[in-house]
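Here is a set of questions and answers for someone meeting this structure for the first time. Each answer works through a few details before it settles on the value or name that was asked for.

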Amino acid sequence: MKGGPLKVAVLISGGGSNLQALIDNFGPLFPNSPVRIVKVISNRPDAGGIERAKKVGIPSVVIDHKAFPDRVAFDAQLDRAIHESGAELVVLAGFMRLLTEGFVNTWRNRLINIHPALLPSFRGLDTHKRALKRGVKLHGATVHFVRQETDTGPIIAQAAVPVLADDTPETLATRVLKAEHKLYPLALRLIAEGKVKLDGERAMVDGKPDPLAFFSPALAS
Ligand code: GRF
């Protein structure tokens with residue numbers, strides 16, 4: 001850490017259970033944490049995550065994308081709000097808007113996302129349903145730096161969970177989400193501690209080429 005915690009803005013669109021996991025690890029209750037959440041931004045006025053931020057006194061704002069004529073105008077406002085907050089890293093946590101090339105370039109290597117699949121498999125939406133349909137035996141979640149193409153970019157960390165014979169998209173989603181709540185704080189901590197470096201488009205953790213990876217039974221221990 002270079003003189004103080006890493007200041008992050010968390011962008012959400014929904015319930016914000018990943019935001020909650022970040023609050024539970026790095027929120028105001030942890031003044032010595034390597035991460036400080038300086039702002040929560042939602043593009044939807046009804047996002048439940050906003051309440052989670054308010055409850056613990058983290059500044060939050062709704063920037064409703066419907067109030068802007070196009071993506072460029074919306075992203076410009078997003079960018080302004082993030083800069084004003086002093087955030088050094090942007091953390092997408094269930095943020096359901098495609099970002100423009102300009103925004104992604106401005107925040108290149110300072111913009112991370114969590115995706116509910118083992119990338120590069122199952123980019124896009126409905127990952128759990130598609131994973132079941134394809135009969136994969138392992139599914140999971142990925143934390144990655146964001147590149148222009150949706151759900152691409154250097155992989156920082158992955159968590160795998162087993163797919164069970166009687167899984168439905170809902171039961172599988174629940175298992176993956178539980179893994180996400182462990183994975184995102186771990187990955188963010190590594191970044192805040194300066195342990196994540198890029199070698200080209202490959203993320204190195206602690207100087208090693210292996211990204212952080214774990215299998216869900218480890219979550220129980
Ligand atoms: C998570 O599954 C995340 O991976 C995906 O959207 C979901 C958000 O859930 N991008 P929540 O709002 O954090 O509860």
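Q: Is Phe68 buried, partly exposed or exposed, and what is its relative accessible area?
A: The model is a predicted one, and the values given here are computed from it. Buried means under 20% relative accessible area and exposed means over 50%, with partly exposed in between. Phe68 therefore counts as partly exposed, since its relative accessible area is 24%.

Q: How are the rings of Phe68 and Phe74 arranged as a pair?
A: A pair of aromatic rings is described by the distance of the centres and the angle of the planes. For Phe68 and Phe74 the centres are 5.8 Å apart and the planes stand at 70 degrees. Planes over 60 degrees apart count as edge-to-face, so the pair of Phe68 and Phe74 is edge-to-face.

Q: Which residue lies over the face of Phe74?
A: Phe74 counts as buried, at 2% relative accessibility. A charge sits over a ring if, among other conditions, CZ of Arg is within 6 Å of the ring centre. At 5.7 Å from the ring centre of Phe74, the residue over its face is Arg97.

Q: Which kind of aromatic pair do Phe103 and Trp107 form?
A: Phe103 is buried, and Trp107 is buried as well. Their ring centres are 6.5 Å apart, with 35 degrees between the planes. Planes under 30 degrees apart would count as stacked and those over 60 as edge-to-face, with the rest tilted, and the pair of Phe103 and Trp107 is tilted.

Q: Which helix gives the most residues to the lining of the largest pocket?
A: The largest pocket has a volume of about 880 Å³, and its lining is made up of 37 residues, of which Phe95, Met96, Ile114, His115 and Pro116 lie nearest the centre. The elements that give two or more residues to this lining are helix H1 (17–26), strand S5 (111–115), helix H5 (127–134) and helix H6 (169–192). With 4 residues, the element that gives the most is H6.

Q: How many residues of the lining of the largest pocket are charged?
A: The lining of the largest pocket divides into three groups, nonpolar, polar and charged. The nonpolar group has 14 residues and the polar group 16, while the charged residues number 7.

Q: What distance does H6 reach from its first C-alpha to its last?
A: H6 has 24 residues, and at 1.5 Å a residue the expected span is 34 Å. Its buried residues include Leu172, Val176, Ala179 and Leu183, and the helix is followed by Gly194, whose phi is positive, near 75 degrees. The reach of H6 is close to the expected value, at 33 Å.

Q: Which residue in the loop between H4 and S5 has a positive phi although it is not a glycine?
A: The loop in question runs between helix H4 (101–106) and S5. The residue has a phi of about 65 degrees and is partly exposed, with a relative accessible area of 31%. This residue is Asn109.

Q: Which residue is joined to Pro120 by a cis peptide bond?
A: Pro120 is found in the loop between S5 and H5. The peptide bond has an omega of about 10 degrees and is cis, and the residue that it joins to Pro120 is Leu119.

How values were computed: Residues are numbered from 1 along each chain as its sequence is written. This is a predicted model: local features need pLDDT of at least 70, side-chain atom pairs count only at pLDDT 80 or more; totals for chains, interfaces and linings use all residues. Side-chain values use heavy atoms; hydrogens and water are left out. On a 1 Å grid over the protein atoms alone, a cavity is a set of points where a 1.4 Å probe fits but cannot get out, and a pocket is an open set with protein on both sides within 12 Å along at least five of seven lines; lining residues have an atom within 4 Å of a point. Grid points are joined across faces, edges and corners, and a volume is the space filled by probe spheres set on the points. Ala, Val, Leu, Ile, Met, Phe, Trp, Tyr, Cys and Pro count as nonpolar, Asp, Glu, Lys and Arg as charged, and the others, Gly among them, as polar. Rings of Phe, Tyr and Trp (its six-membered ring) pair if their centres lie within 6.5 Å; planes under 30 degrees apart count as stacked, over 60 as edge-to-face and the rest as tilted. Buried means under 20% relative accessible area, exposed over 50%, partly exposed in between (1.4 Å probe, protein chains only). A charge sits over a ring if NZ of Lys or CZ of Arg is within 6 Å of the ring centre and within 35 degrees of the ring normal. The expected span of a helix is 1.5 Å times one less than its number of residues.
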